[in-house]
Amino acid sequence: MTTLQILWFVLIGVLFAGFFFLEGFDFGVGMALKTLTKNKAERDALVASIGPHWDGNEVWLITAGGALFASMPNWYASLFSGFYIPLFLVLLALIFRGVSFEFRAMMKFEKNQGIWEWATAIGSFVAPFMLGMIFTAMVKGMPMDAQYNVRGHFFDFVNIFTLVGGVAVVLMSYIHGLNFIRIKTIGDIRQRAADWAQKLYLVLFAGEVVFAVLVYIYTDFFTKKPILTMLILALIVLSSVVSYLATLKDKEVVSFVTSGLNLVGVVALLFVGVFPRTMVANDAAHSLLIQNASSSPYTLNLMTWITVFALPVVLAYQIWSFYVFRERLTVGKKSGH
């Protein structure tokens with residue numbers, strides 16, 4: 001295994017971590033659209049809060065998929081063919097969610113807007129839920145043949161571990177979204193978001209214990225990398241506690257950053273646990289390794305140089321967009337977002 005192969009495995013993990021940090025609050029606000037608000041003015045404020053950001057945040061997922069295709073084509077082929085239906089549902093949810101913003105804006109009547117608000121909320125729920133299931137199924141171990149083809153059945157994809165993984169990502173995204181709402185809004189909805197977050201953190205703490213137990217049962221993380229696994233799990237719990245305490249003390253930026261680090265921690269746990277494999281097979285001899293999954297040294301070298309020049313531009317644009325649309329939104333007041 002070469003340095004470039006390891007570098008691109010890490011970069012793919014970083015891209016997915018960035019996606020969950022940024023799109024996580026986006027999903028959370030989308031779900032809150034039909035669960036937290038009480039009137040149209042509040043729903044308008046939530047849509048405006050993520051309006052300038054949601055499509056830019058999704059670019060991280062597209063970039064991660066593109067990087068996977070170019071740098072680890074065998075991993076891409078096994079993942080996208082083996083998880084075809086779950087990934088199709090993710091794509092459908094993202095499309096459904098994306099068009100809902102546009103159609104809602106064109107509807108003249110509140111009743112018709114409500115249909116597209118449900119589309120936003122459902123798409124915002126389905127996408128992180130399916131992604132959580134896919135990632136946990138991928139590290140649990142799937143039936144794979146010697147050519148790395150996934151031959152999974154229904155219960156290989158749907159079981160207690162993958163369902164808890166899906167719910168965990170949804171819950172973390174929802175709390176992350178509530179913390180973003182606290183940063184971006186003024187008025188009753190801001191306080192309501194804080195109240196909801198304080199209650200949901202207690203559910204999250206219980207869920208993290210269950211998730212850690214299932215990781216022990218369903219994966220080999222504790223036997224292959226016991227110290228790193230324990231350390232990352234401890235950091236996930238620590239960031240949750242800090243985020244909860246910050247919510248109690250109304251330190252909104254701290255609670256937002258640490259709730260995002262919760263999602264980053266889960267991605268880190270999965271990538272560290274699976275290394276040096278990319279996909280875990282039930283039969284260890286058929287697991288897909290980084291060295292078997294990656295492109296040629298020439299391709300990896302070329303991609304690295306392109307990334308060195310392109311990545312700062314992408315990051316600068318995203319930081320700039322958050323700076324430009326940094327002001328808080330007052331419910332009932334028309335926004336320029």
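How far apart are the end C-alpha atoms of helix α11 (residues 226-248)? I looked this up in a predicted model. They are 33 Å apart, and the 23 residues of α11 should span 33 Å at 1.5 Å a residue, so the two values agree.

**Helix α11, continued.** I then listed the buried residues of α11: T229, I232, L233, I236, S239, S240, S243, Y244, A246 and T247. I checked what these residues pack against and found α8 (160-184), α9, α10 and α12. Past the end of the helix I noted D250, which follows α11 and has a positive phi, near 60°.

**S259.** I went next to helix α12 (residues 252-274), where S259 is placed. I count S259 as buried because its relative accessibility is 2%, and the limit for buried is under 20%. Leaving aside residues up to four places away in sequence, I found S259 touching H176, N179, Y201 and S243. One of these, S243, is also on my list of buried residues of α11.

**Helix α1.** I repeated the span check on α1 (residues 3-32). Its 30 residues should span 44 Å at 1.5 Å a residue, and I read 43 Å between its end C-alpha atoms, which agrees. I also noted a kink of about 35° in α1, centred on E23. For cover, I found that 23 of the 30 residues of α1 are buried, so I entered the helix as mostly covered.

**Salt bridges.** I found 15 salt bridges in the structure. I looked at three of them by pair.

- R104 and E117 form a salt bridge, with 2.8 Å between the closest N and O atoms. I placed R104 in helix α5 (residues 84-106) and E117 in helix α6 (residues 110-140); the pair is 13 residues apart and links distant parts of the chain. I have both R104 and E117 down as buried.
- D145 and R151 form a salt bridge, with the closest N and O atoms 3.3 Å apart. Here the two partners fall in separate classes of cover: D145 counts as buried because its relative accessibility is 17%, while R151 counts as exposed because its value is 51%.
- D220 and R277 form a salt bridge, the closest N and O atoms being 2.8 Å apart. D220 lies in the loop between α9 and α10 (221-224) and R277 in strand β2 (residues 277-279), so I recorded the pair as tying together parts 57 residues apart in sequence. At 21% relative accessibility D220 counts as partly exposed, whereas R277 is buried at 8%.

I also followed a network of salt bridges that links K34, K40, R43, D44, R104 and E117. The buried pair R104 and E117 thus appears again, as part of this network.

**Nonpolar patch.** Which residues make the nonpolar surface patch? I found I160, V209, V213, Y216, I217 and Y218, with a patch area of about 600 Å². Helix α9 (residues 188-218) gives the most to the patch, with five residues. I took Y218, which lies in α9, as one member to check for cover. At 30% relative accessibility, Y218 counts as partly exposed. Helix α9 had already come up in these notes, among the helices that the buried residues of α11 pack against.

Notes: Residues are numbered from 1 along each chain as its sequence is written. This is a predicted model: local features need pLDDT of at least 70, side-chain atom pairs count only at pLDDT 80 or more; totals for chains, interfaces and linings use all residues. Side-chain values use heavy atoms; hydrogens and water are left out. Patches are made of residues with over 30% relative accessible area and no salt bridge: like charges are joined within 9 Å, nonpolar side chains (Val, Leu, Ile, Met, Phe, Trp, Tyr) within 5 Å. Accessible areas come from the Shrake-Rupley method with a 1.4 Å probe; for residues, only the protein chains shown count as cover. A salt bridge is a side-chain nitrogen of Lys or Arg within 4 Å of a carboxyl oxygen of Asp or Glu. Helices (H or I, at least four residues) and strands (E, at least two) are DSSP runs, numbered from the N terminus. Buried means under 20% relative accessible area, exposed over 50%, partly exposed in between (1.4 Å probe, protein chains only). Contact means heavy atoms within 4.5 Å. The expected span of a helix is 1.5 Å times one less than its number of residues. The bend at a residue is the angle between axes fitted to the seven residues ending there and the seven starting there.
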